Amino acid sequence: MTTQTTDIPPAEQGERRSWLREHSELGVCALLLVLGVLVLTDALTMDVDIAQRGPVGPKTVPVVVGAGLLVIAALLAVDVLRGGRGQAEGGEDIDLSEPADGRTVLLLAGVFLGSAVLIEPLGFPVAGALLFWGAAFALGSRRTGRDPLIAAGLSLVTYVVFNNLLGVPLPGGPLMGVL
């Protein structure tokens, strides 16, 4: 009794892996394509006030960015399929033989998620200050007297610029009655 398998022969698997390794930048193309479609879909389904004045509205920038992402994805895919390769990282301040610092990445992700959760109950000034201070700490700064003050100042300035000057409403939180 012989059983027929549909497994791919080892030589063909090796060829497939080799082709994928040589064209790994296609993954970046796929990511750019998905992001472009997502941005365009979101922009084109956006509800806009009909009383808007002027040719540039809230849809303009997302449509341009989404279209740009699609064009870049297509151009990069064509380049990769024609044999183009990205340059290897060669920064002087990067040691490629060292592994990635997972602790720093996890700390930054935790600080970012924490500030996203806290922005509604505490408001942007407090959540932003915690974000800036936490990011500085995760990236190695240990100046506990200076960093919180800089973070608070940066967060307040960011809040004022976005909320008051640019007209982008940010949650003020309980401190806005005091400030």
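Leu-149, Asn-164 and Leu-165 are exposed residues on the face of helix H6 that is turned away from its buried side. Here exposed means over 50% relative accessible area, buried means under 20%, and partly exposed covers what lies in between, with a 1.4 Å probe and protein chains only. Helices are DSSP runs of H or I with at least four residues, strands are runs of E with at least two, and both are numbered from the N terminus.

Before we go on, a word on what you are looking at. This is a predicted model, in which local features need pLDDT of at least 70 and side-chain atom pairs count only at pLDDT 80 or more, while totals for chains, interfaces and linings use all residues. Residues are numbered from 1 along each chain as its sequence is written, and side-chain values use heavy atoms, with hydrogens and water left out.

Now turn H6 around to its other side. The buried residues of this helix are Asp-147, Ala-151, Ser-155, Thr-158 and Tyr-159. Viewed down the axis of H6, these buried residues fall within an arc of 100 degrees, so they line one face of the helix. The arc is taken from the directions that run from the helix axis to the C-beta atoms. Part of what covers the buried residues of H6 is helix H5, residues 124–138.

Ser-155 is a good place to see this up close. It sits in H6, which runs over residues 147–165, and Ser-155 counts as buried because its relative accessibility is 0%. If you set aside its neighbours within four places in sequence, Ser-155 is in contact (heavy atoms within 4.5 Å) with Phe-124, Pro-125, Gly-128, Ala-129 and Phe-132.

What about the length of H6? Its 19 residues should span 27 Å at 1.5 Å a residue, and the end C-alpha atoms are 26 Å apart, which agrees. The expected span is 1.5 Å times one less than the number of residues in the helix.

Both ends of H6 have something to show. At its start, the side chains of Arg-146 and Asp-147 meet in a salt bridge, 3.6 Å from N to O. A salt bridge is a side-chain nitrogen of Lys or Arg within 4 Å of a carboxyl oxygen of Asp or Glu, and by this rule the count comes to one. The two partners differ in their cover: Arg-146 is partly exposed because its relative accessibility is 40%, whereas Asp-147 is buried at 8%. Just after H6, Gly-167 takes a positive phi of about 75 degrees. Leu-166 also belongs to the segment after H6, and Leu-166 is exposed because its relative accessible area is 56%.

Leu-166 joins Val-157, Val-161, Phe-162, Leu-165 and Val-168 in a nonpolar surface patch of about 540 Å². Patches are built from residues with over 30% relative accessible area and no salt bridge; like charges are joined within 9 Å, and nonpolar side chains (Val, Leu, Ile, Met, Phe, Trp, Tyr) within 5 Å. Accessible areas come from the Shrake-Rupley method with a 1.4 Å probe, and for residues only the protein chains shown count as cover.

Let us move to helix H2, where there is again a buried side to find. The buried residues of H2 are Cys-29, Leu-32, Gly-36, Leu-40 and Ala-43. Seen down the axis of H2, they fall within an arc of 65 degrees, so they line one face of the helix. These buried residues pack against helix H3, residues 60–81. On the other side of H2, Leu-31, Val-34, Leu-38 and Asp-42 are exposed. H2 has 19 residues and reaches 27 Å from its first C-alpha to its last, close to the 27 Å expected at 1.5 Å a residue.

Step back into the loop between H1 (10–22) and H2 (26–44), and you meet Ser-24. Ser-24 is partly exposed, as its relative accessible area is 46%. Ser-24 and Arg-85 are 61 residues apart in sequence, and their C-alpha atoms are 9.3 Å apart in space. Glu-25 is also in the loop between H1 and H2, but Glu-25 is buried, with a relative accessible area of 17%. Beyond its neighbours within four places in sequence, Glu-25 is in contact with Leu-76, Val-80, Arg-85 and Gly-86.

Finally, the whole chain. It has six helices and zero strands, and buried residues make up 17% of its 179 residues.
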